[in-house]
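Biologist: I am new to this one, so may I ask how each label is earned? Please take me through the reasoning step by step.

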Amino acid sequence: RAKAELSRRVQGAYATGDTAGITWLVGSAMAVDAYGAWRLGHLTDALSLLEDERTQIVWFAQVWLAQLYTQLGRFQDAARTYRAYTITPMQFEYLDPLHRRKLGAVYEALGEYDKARSAYAYFLEYWSDADPELQPMVQETRQALARLQECCTN
């Protein structure tokens, strides 16, 4: 359904001459294709689509790309992508702490413990009073931060 809706919107953007809209919509459609490929286990296809320059302007494509890099063990690429995303002003500011939490896990995997602690602390600053169904994530992050404070210093 998402792909059909994006196709409909692309046609509308062409009809009105909205070139900026066309660019974003084409990138979004490619990102949706990438997500489908990723979920079907076609990681190379998904990666190719998400790394394409046309998806670079689509914020959710960048989030998926960082997640895919993490899944592939490409932690340096994941960190670079998350950093670029978190520095940019976001449409949905409430998501930033969630992505910082994921960035913390990437930093931890890279052995960059100070950066991991900072990312985890950022998440906890904003989400420690999250809704009850999100508290397991908050508790897991607290445990990760405590673990790093006890064992690992750079």
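**How the labels are earned**

Modeller: Gladly, and let us start with helix α4, which covers residues 59–71: its 13 residues reach 19 Å from first C-alpha to last, close to the 18 Å expected at 1.5 Å a residue. Please keep in mind that this is a predicted model.

Biologist: What makes α4 mostly covered?

Modeller: The count does: 10 of the 13 residues of α4 are buried. They are Phe60, Ala61, Gln62, Val63, Trp64, Leu65, Ala66, Gln67, Leu68 and Tyr69. Just after α4 comes Gly73, with a positive phi of about 75°.

Biologist: Where does α4 fit in the whole chain, and how many helices and strands are there?

Modeller: The chain has eight helices and zero strands. Read from the N terminus, the elements go α-α-α-α-α-α-α-α. The C-alpha atoms fill a box of roughly 60 × 30 × 25 Å along the principal axes. Of the 154 residues, 42% are buried. Among contacts with a separation of 6 or more, 48% join residues 24 or more positions apart.

Biologist: Let us try a single residue. Why is Tyr82 called buried?

Modeller: Buried means under 20% relative accessible area. Tyr82 has 2% relative accessibility, so Tyr82 counts as buried. This residue is found in helix α5, residues 75–87.

Biologist: Which residues does Tyr82 touch?

Modeller: Leaving out residues up to four places away in sequence, Tyr82 touches Ala66, Gln67, Thr70, His99, Lys102, Leu103 and Val106. Two of these, Ala66 and Gln67, are also on the list of buried residues of α4. As for Leu65, its C-alpha lies 9.0 Å from that of Tyr82, with their positions 17 residues apart in sequence.

Biologist: Now to the start of the chain. How do you know that the length of α1 agrees with what is expected?

Modeller: Helix α1 takes in residues 2–16, and its 15 residues reach 21 Å between the end C-alpha atoms, close to the 21 Å expected at 1.5 Å a residue. The buried residues of α1 are Leu6, Val10 and Ala13.

Biologist: How do you know that these buried residues line one face of α1?

Modeller: Looking down the axis of α1, they fall within an arc of 65°, so they line one face of the helix. There is a general reason to keep in mind: an α-helix has 3.6 residues a turn, so residues three or four places apart point the same way. Helix α2 (19–39) is included in what covers the buried residues of α1. The face turned away from that buried side carries the exposed residues Ala4, Arg8, Gln11, Ala15 and Thr16. After α1 comes Gly17, whose phi is positive, near 75°.

Biologist: And the last helix? How do you know that the span of α8 agrees with its number of residues?

Modeller: With 17 residues at 1.5 Å a residue, α8 should span 24 Å, and its end C-alpha atoms are 24 Å apart, so the two agree. Its buried residues are Val138, Thr141, Ala144, Leu145 and Leu148. They cover an arc of only 120° around the axis, which puts them on the same side of α8. Their cover includes α6 (96–110) and α7 (113–127).

Biologist: Why is Leu148 called buried?

Modeller: Its relative accessible area is 1%, and the cut-off is under 20%, so Leu148 is buried. Beyond residues up to four places away in sequence, Leu148 touches Glu108, Tyr113, Ala116, Arg117 and Tyr120. Leu148 and Leu124 are 24 residues apart in sequence, and their C-alpha atoms are 14 Å apart.

Biologist: Then is Glu150, also in α8, buried or exposed?

Modeller: Exposed means over 50%, and Glu150 has a relative accessible area of 72%, so Glu150 is exposed. On the other side of α8 from the buried residues, Pro136, Glu150 and Cys151 are exposed.

Biologist: How many Å separate the C-alpha atoms of Glu150 and Arg8?

Modeller: They are separated by 54 Å, and the two residues are 142 residues apart along the chain.

Biologist: One last topic, surface and charge. What share of the accessible surface belongs to carbon and sulfur atoms?

Modeller: The share is 53% of about 8900 Å² for the chain. As for charge, there are 16 positive and 19 negative charges, and their mean positions are 3 Å apart.

Terms used. Residues are numbered from 1 along each chain as its sequence is written. This is a predicted model: local features need pLDDT of at least 70, side-chain atom pairs count only at pLDDT 80 or more; totals for chains, interfaces and linings use all residues. Side-chain values use heavy atoms; hydrogens and water are left out. Helices (H or I, at least four residues) and strands (E, at least two) are DSSP runs, numbered from the N terminus. The expected span of a helix is 1.5 Å times one less than its number of residues. Buried means under 20% relative accessible area, exposed over 50%, partly exposed in between (1.4 Å probe, protein chains only). The arc is that of the directions from the helix axis to the C-beta atoms. Contact means heavy atoms within 4.5 Å. Accessible areas come from the Shrake-Rupley method with a 1.4 Å probe; for residues, only the protein chains shown count as cover. Lys and Arg count as positive and Asp and Glu as negative; His and the chain ends are not counted. The place of a charge is taken as NZ of Lys, CZ of Arg, CG of Asp or CD of Glu.
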